[in-house]
Amino acid sequence: MNAIASKASILIERTYPASVAELWELWATKDGFESWWGPEGFRVEVHALEPKENGLLHYTMIADSPEMIEAMKRGGQPTSHEVRARFSAFSPHKTLTITSVIDFLPGVEAYESHIEVLFTPLAHGAHMAVTLHAMHDPQTSEMQRAGFTSQVGKLDRRYAR
């Protein structure tokens with residue numbers, strides 16, 4: 001794992017024994033997205049996914065393990081929340097950017113958050129570089145890094161087989 005944190009962004013990179021097309025499907029299709037999105041203990045239900053520039057991405061993030069459900073309740077957080085996003089950049093099998101509206105944090109005014117993904121074909125697989133842009137404060141940016149690293153762990157296990 002390579003995670004480099006800076007004030008502006010966090011870079012998470014992975015190389016998998018998969019084609020760029022296969023990795024692309026994980027981001028740009030309902031089934032693919034639902035198969036891995038969300039940290040451990042969470043899952044998503046995709047309501048809309050329009051794989052094109054400015055296409056809608058609308059899903060619900062759901063705590064689905066007893067431990068996460070209890071942790072969310074203890075923290076006074078809902079066990080699910082809707083996320084409204086769009087593919088603000090979309091170049092098939094090359095790059096995409098997901099721009100999400102962060103409007104579910106108590107006491108925080110809504111703002112946009114960006115995740116950029118670059119796919120590179122390799123001789124025996126593909127490289128995926130994900131840039132997470134900073135959230136509204138360092139603590140939330142760290143939670144974003146930890147959550148995304150957890151969900152990428154689902155792909156790590158998938159491709160370790």
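I'll start with a single side chain: K30, at 41% relative accessibility, counts as partly exposed. The model it sits in is a predicted one, so residue confidence comes up later.

K30 forms a salt bridge with E34, and the closest N and O atoms are 2.9 Å apart. Its partner E34 has a relative accessibility of 25%, so E34 is also partly exposed. Both residues belong to helix α2, where they are 4 residues apart, about one turn of the helix.

That is one of 9 salt bridges in the structure. As background, side chains of opposite charge can pair when their charged atoms come close.

Next, helix α3, residues 66-74. Here R74 makes a salt bridge with E70, with 3.9 Å between the closest N and O atoms. The two are 4 residues apart in the helix, so about one helical turn separates them. Are the two partners buried or exposed? R74 is exposed, its relative accessible area being 62%. E70, at 39% relative accessibility, counts as partly exposed.

Helix α4 covers residues 138-160. In helix α4, R145 and E142 are 3 residues apart, about one turn of the helix. They form a salt bridge whose closest N and O atoms are 2.5 Å apart. E142 has 38% relative accessibility and so counts as partly exposed. Elsewhere, R43, E45 and D64 are joined into one network by salt bridges that share partners.

Now the aromatic side chains. The structure holds 13 aromatic pairs. Take W37 and Y59: their ring centres are 6.4 Å apart and their planes are at 75 degrees, so this pair is edge-to-face. W37 lies in the loop between α2 (30-34) and β3 (42-49), while Y59 lies in strand β4, residues 55-63, so the pair ties together parts that are 22 residues apart in sequence. Both W37 and Y59 are buried.

W37 has another partner, F148. The ring centres of W37 and F148 are 5.9 Å apart, with the planes at 75 degrees, so this pair is edge-to-face as well. It links distant parts of the chain, from the loop between α2 and β3 to helix α4, with W37 and F148 111 residues apart. F148 is buried, and so is W37.

Which residues make up the aromatic cluster that includes W37? The cluster is formed by W27, F33, W36, W37, Y59 and F148.

W27 and W37 come up again in the nonpolar core. The largest such core has 39 residues, and within it W27 and W37 touch the most other members. Helix α1, residues 20-28, supplies the largest share of this core, 6 residues.

Last, confidence. The mean pLDDT of the protein is 92, and 96% of its residues reach 70 or more. Where is the pLDDT below 50? That is the case over residues 1-6. In the model, this stretch has 12 contacts beyond near neighbours in sequence.

To recap, I went through salt bridges within helices α2, α3 and α4. I then covered W37, which pairs edge-to-face with Y59 and with F148. W37 also belongs to the aromatic cluster and, with W27, touches the most other members of the largest nonpolar core. That is the end of the talk.

Definitions and conventions:
Residues numbered from 1 in each chain as written. Predicted model: local features only at pLDDT ≥ 70, side-chain atom pairs only at ≥ 80, totals over all residues. Heavy atoms only, no water. Phe/Tyr/Trp six-rings, centres within 6.5 Å; stacked < 30°, edge-to-face > 60°. Buried < 20%, exposed > 50% of the residue type's maximum accessible area, 1.4 Å probe, protein only. pLDDT = per-residue confidence, 0-100. Contact = heavy atoms within 4.5 Å. Core = buried A, V, L, I, M, F, W, Y, C linked by side-chain atoms within 4.5 Å. Salt bridge = Lys/Arg side-chain N within 4 Å of Asp/Glu carboxyl O.
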